[in-house]
There are 2 protein chains.
Amino acid sequence: MLTIGKVAQRVGVRPSAIRYYERRGLLRPMFRGANGYRTYSDEAIRLLLFLKRAQALGITLKEIKPLLELAVNGRRPCSHVKQLAKNHLREIEAKIRELQMLQRELRALLRRKPGRPHRNEVCPIIQRA
Amino acid sequence: MLTIGKVAQRVGVRPSAIRYYERRGLLRPMFRGANGYRTYSDEAIRLLLFLKRAQALGITLKEIKPLLELAVNGRRPCSHVKQLAKNHLREIEAKIRELQMLQRELRALLRRKPGRPHRNEVCPIIQRA
DNA sequence: CTACAGCTTAAACCATAGTTTAAGGTCAAG
DNA sequence: CTTGACCTTAAACTATGGTTTAAGCTGTAG
């Protein structure tokens, strides 16, 4: 089985981060061998990768927690899972819309010419402010 | 002239935030009247709006600081702003693509008939996550 | 056996971006 | 002249997402 260091390396985080996630309740306390070391399974790695993936998408640990709980209880009736997935989907849709608005703004800014250098002109990005 | 409260209201932040920006060195210390109150000009409001706008584009205060300094010194921060904006735009585009992938996955999963829970499997929605 | 890497804990520390608090001065209305 | 809204400061506090530290145990290689 895997020690925390191996898992950390494999997932691309530090051991301290994994302990932190456990402290925060995102990961259940792992099985401890006779030496007191945490012992990880591939399942744990899968959950950690899910966590990182969600995090990369701008989802906070607070939001990730219930998703992971769901993953741990993954055998629940699919209808229940479905409802939670629907909620999550709505959140994702909202996030996409927000990002797209930002995207449009940025593109509009970047399409502007830098104006005549010098002179009395200010950067259009500032002028738009 | 404007007091900090008026400016805050106009810019859409709290007075404490404006003082914080000054503490952080993003705004020069403002002129103080006889009573010790900060006195703001439209220029200051313009800079604050620029700050908020840059922030809304995901630029950190640390990154914004040199931009504001350049603006104040009359040099053109435009190319810097543009570079930052470009970088940020690329990040946003990547994020949107990832979220849309997840969105498609979730939608596909939600279109599936509820069916019976899979024997030894975790709910497919979770497994995909 | 010694060393060194890796594990354990709780608690302190870091950065970011502010807000809140405490104690006090100021301004405008009634 | 009092009241309340608004200003001042430094310092403490919040939340997020961790890292670092100190002190100690474990596991393995030489």
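User: What is the handedness of the crossing where α1(A) passes α3(A)?
Analyst: In this predicted model, the crossing of α1(A) past α3(A) is right-handed.

User: At roughly what angle do the axes of those two helices cross?
Analyst: The axis of helix α1 (residues 4-11) of chain A crosses that of helix α3 (residues 42-56) of chain A at roughly 40°, and the two axes come within 10 Å. α1(A) is therefore oblique to α3(A).

User: Which residues make the contact?
Analyst: From α1(A), the contact involves Val7(A), Arg10(A) and Val11(A). From α3(A), Ala44(A), Ile45(A), Leu48(A), Leu49(A) and Lys52(A) take part.

User: And how do the residues of that contact divide?
Analyst: The contact of α1(A) with α3(A) has 6 nonpolar residues, 2 charged residues and no polar ones.

User: Turning to the DNA, which residues come nearest to strand D?
Analyst: There are 19 residues around DNA strand D, and those that come nearest are Ser16(A), Asn35(A), Leu61(A), Thr3(B) and Gly5(B).

User: Which elements give two or more residues to that surface?
Analyst: Chain A provides α2 and α4 (61-72), while chain B provides α1 (4-11) and α2 (15-23). By residue class, the surface near DNA strand D comprises 7 nonpolar, 7 polar and 5 charged residues.

User: What about strand C, which residues come nearest there?
Analyst: Gly5(A), Arg38(A), Ser16(B), Asn35(B) and Leu61(B) come nearest, out of 19 residues around DNA strand C. The elements giving two or more residues to this surface are α1 and α2 of chain A, with α2 and α4 (61-72) of chain B.

User: How do the residues near strand C divide?
Analyst: The surface near DNA strand C consists of 7 nonpolar, 7 polar and 5 charged residues.

User: Now confidence. What pLDDT does chain A average?
Analyst: The average for chain A is 77, and 70% of the residues score at least 70.

User: Where in chain A is confidence lowest, and where is it highest?
Analyst: Confidence is lowest in helix α6 (residues 124-128) of chain A, with a mean of 53, and highest in helix α2 (residues 15-23) of chain A, at 97. In addition, residues 116-122 of chain A have a pLDDT below 50. Beyond near neighbours in sequence, that stretch has 3 contacts in the model.

Note on methods: Residues are numbered from 1 along each chain as its sequence is written. Chains are lettered from A and ligands numbered from 1 in the order in which they are written. This is a predicted model: local features need pLDDT of at least 70, side-chain atom pairs count only at pLDDT 80 or more; totals for chains, interfaces and linings use all residues. pLDDT is the predictor's confidence in each residue, from 0 to 100. Helices (H or I, at least four residues) and strands (E, at least two) are DSSP runs, numbered from the N terminus. Two residues are in contact if their C-beta atoms, placed from the backbone, lie within 7 Å. A residue is near a molecule or strand if its C-beta atom, placed from the backbone, lies within 6 Å of it. Ala, Val, Leu, Ile, Met, Phe, Trp, Tyr, Cys and Pro count as nonpolar, Asp, Glu, Lys and Arg as charged, and the others, Gly among them, as polar. Axes are lines fitted to C-alpha atoms, for helices over the stretch in contact, and angles run from 0 to 180 degrees between N-to-C directions. Angles under 35 degrees count as roughly parallel, over 145 as roughly antiparallel, 65 to 115 as roughly perpendicular and the rest as oblique. A crossing is left-handed if the near helix is turned anticlockwise from the far one by less than a right angle, and right-handed if clockwise.
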